[in-house]
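Got the viewer open? Here is a walk through the chain, one selection at a time.

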Amino acid sequence: QSSVPSLTSEPNSIILAPAGDHYTMMDFATAYFREAQSMQGLKGMSAEKKSVADLVRHTKVPVEESLLQYTDSELNELATKNFKTLMRFMGDLAKLKKQNEVECIYEILQLCKEKENLHDEVYCQVIKQVTHNPNQESVLRGWLLLNLLTGYFLPSNTLMPYATKFLQLASSDPSSTHHDIAKICQSNLRKNFMYGGRRHLPFPVEIEALLKGHAARRLVILMPGGVEYLTRIKTFTVAKELLQEVCEQMGAGEEEEIKEFVLFAIRNKMVRPIRSEEYLHDYLLEDKLVTVTLRRLIWRTPLHFENKIYTDVHYGQMQWDYLNGRILLSHSKETEMQVSVLAMFQHWAKTEQQNSTPSREELKEYTPKTLQTSISSQALQNDVAMLLKTSQPLQPEDAKIQFIEHVMKLPFFGYNTYFVKRVSVDTIPVPCFFGVNKEEIIVVDGATQVVSCIIPLKELQKMRTLRPMSDNGLPGIELNYGSAANPKTMWLELSQAKEMYHTIVIILDKTVLHH
């Protein structure tokens with residue numbers, strides 16, 4: 001009796017459904033199923049073939065042993081127990097008292113999460129139970145479970161070609177009732193292989209929705225400038241797919257530019273950028289308190305303004321950043337002039353304000369909060385009045401574009417800035433600001449805006465987040481940078497430690513090809 005080769009996942013082979021008649025589930029069963037091993041002495045090929053075919057077909061009675069050979073008796077027991085749970089979920093066996101369908105699914109997914117070496121067994125059990133099953137309702141249940149399995153857990157390298165072949169055959173039969181869901185399973189498996197599968201098991205409400213046939217969930221993405229984008233996301237939608245959809249809607253369809261945008265999940269003031277290969281449902285909790293927003297994080301591709309939504313989104317983000325101290329500005333005569341020019345563009349950006357003069361209140365709204373106390377409102381009013389006299393008014397769309405182009409020339413534009421309370425390096429005056437862009441981390445004096453330290457991102461060796469030192473302390477980040485000959489370490493404390501850490505990770509991710 002031959003023993004089963006190791007069935008462990010090694011995610012370095014490519015998923016391709018093999019061509020031709022090889023790699024059917026019958027071939028897999030012949031090579032690896034426990035019963036097929038003991039049948040090999042049977043007389044006559046056709047008898048053997050028929051018996052193997054039965055092994056990969058639906059059964060009305062629970063199996064007494066695992067389908068695959070396990071030397072560990074605990075795994076064998078868990079496998080047979082799982083088969084009964086699967087039959088109860090699919091409606092082929094009476095449920096236990098107080099046991100509902102959602103609990104059955106949970107039990108199966110939890111088992112896969114805890115026992116990686118049972119992934120193949122569970123896949124084989126579900127595939128067996130949806131094959132030649134006369135009950136359509138039961139078949140649909142089995143495919144629903146396969147939909148979840150393929151998005152969460154990978155089969156081993158041994159089973160992978162057979163599983164992909166099975167899905168390929170199921171999805172290419174247009175007469176079957178499940179060819180659509182088989183296509184979804186194929187896509188789940190590909191994504192799982194590329195991105196590693198969802199991290200958190202689904203909430204009961206998500207499973208209930210799936211059982212009712214609701215495969216998508218409504219999601220509103222808050223875009224800069226108050227634009228709301230309504231979409232629907234599926235069980236295994238990754239951020240990359242959603243970014244592509246949103247960017248295409250606003251006329252930024254080129255892959256290079258899409259990479260410069262990031263989705264953020266916000267809950268109770270905790271902000272976390274979502275990496276492009278992460279699954280959205282891993283961030284969306286049951287309580288609907290998570291807001292998803294979009295921001296441009298990197299400014300490498302040139303901007304283009306042929307699409308109104310594109311212009312509004314960029315204007316909205318830059319205006320918010322400019323007014324809320326996200327773009328560092330020092331107070332000087334030159335800054336005052338820039339503030340006046342930008343106030344004029346903001347005024348014109350409003351509809352039908354081309355021939356009016358902004359009031360003092362409006363001018364305050366157009367001035368960055370950090371400069372409201374240092375710039376005299378009278379001087380600002382005079383400057384703006386003078387500019388309005390000598391300038392030809394612009395239509396809102398053109399005023400927004402001018403505002404964007406002026407803001408992009410500000411010295412600290414393009415840096416994501418964070419307010420830092422403490423730093424381990426004595427020579428850096430605190431409090432200060434840390435700015436991160438596509439090339440470097442800079443440290444800027446809070447009062448004078450003088451840059452006191454620059455760390456090129458390519459010198460960043462390692463980085464980790466630090467827990468607060470005391471109950472009311474702030475979290476931190478430790479940066480290891482420099483060269484092998486001259487290694488340096490710096491830690492900093494700031495309330496946005498996690499956001500800054502993940503933002504740097506994403507920037508490194510997105511710009512690594514350009515180094």
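**First stop: a loop**

Start by selecting Asn268, which sits in the loop between strand S3 (261-267) and strand S4 (270-274). Check its backbone: Asn268 is not a glycine, yet its phi is positive, at about 50°. Keep in mind as you click around that this is a predicted model.

**The annotated domain**

Now select residues 58-211. An unreviewed UniProt entry annotates this stretch as "domain: MyTH4". What share of residues 58-211 is helix, and what share strand? Color by secondary structure and you get 64% helix and 0% strand. Put a distance label between the C-alpha atoms at the two ends of the stretch, and it should read 21 Å.

**A sheet of four strands**

Next, go to the open sheet whose four strands run in the order S6-S8-S9-S10, with antiparallel pairing. Its edges are strand S6 (416-420) and strand S10 (451-456), each of which pairs on one side only. Look along the sheet for the twist: neighbouring strands are turned by 20° against each other on average, ignoring direction.

Zoom in on the middle of that order. Strand S8 (residues 432-436) and strand S9 (residues 440-445) are paired antiparallel over five bridges. For a landmark, pick Cys432 and look across to S9, where Asp445 stands opposite. As a reminder of what holds such neighbours together, strands of a sheet pair through backbone hydrogen bonds.

**The cis peptide**

Step back along the chain to the loop between S7 and S8, where you will find Pro431. Is the bond from Val430 to Pro431 cis or trans? The peptide bond there is cis, with omega near -5°.

**Another sheet**

S7 takes you to another open sheet of four strands, ordered S7-S13-S12-S11 and again paired antiparallel. Here the edge strands are strand S7 (422-423) and strand S11 (460-466), each with pairing on one side only. Two bridges join S7 to strand S13 (residues 487-493) in the antiparallel sense. Select Val423 and you will see Leu492 of S13 opposite.

**One helix, both sheets**

Which helix packs on this sheet? Select H18: it touches S11, strand S12 (476-482) and S13, and its direction makes about 150° with that of S11. Now bring the other sheet back into view. Helix H18 (residues 497-511) also lies across S6, S8 and S9, running at about 150° to S6.

**Empty space inside**

Last stop: turn on a cavity display if your viewer has one. Rolling a probe the size of a water molecule over the atoms shows where empty space is left. How many cavities of 30 Å³ or more turn up in the whole structure? The search finds three, and the largest has a volume of about 90 Å³.

To center your view on the largest cavity, select Trp299, Asp321, Phe413, Gly414 and Tyr415, the closest to its centre of the 13 residues that line it. Strand S5 (291-296) and helix H13 (308-323) each supply at least two residues of this lining. H13 gives the largest share, three residues. Color the lining by residue type to finish: six residues are nonpolar, three polar and four charged.

Methods: Residues numbered from 1 in each chain as written. Predicted model: local features only at pLDDT ≥ 70, side-chain atom pairs only at ≥ 80, totals over all residues. Heavy atoms only, no water. UniProt positions renumbered as here; feature names shortened; annotations may be inferred. Pairing = 2+ DSSP bridges. Axes fitted to C-alpha atoms, helices over the stretch in contact; angles between N-to-C directions. Contact = heavy atoms within 4.5 Å. 1 Å grid on protein atoms, 1.4 Å probe; cavity = no way out; pocket = protein on both sides within 12 Å on 5 of 7 lines; lining within 4 Å. Points joined across faces, edges and corners; volume = space filled by probe spheres on them. Nonpolar A, V, L, I, M, F, W, Y, C, P; charged D, E, K, R; others polar.
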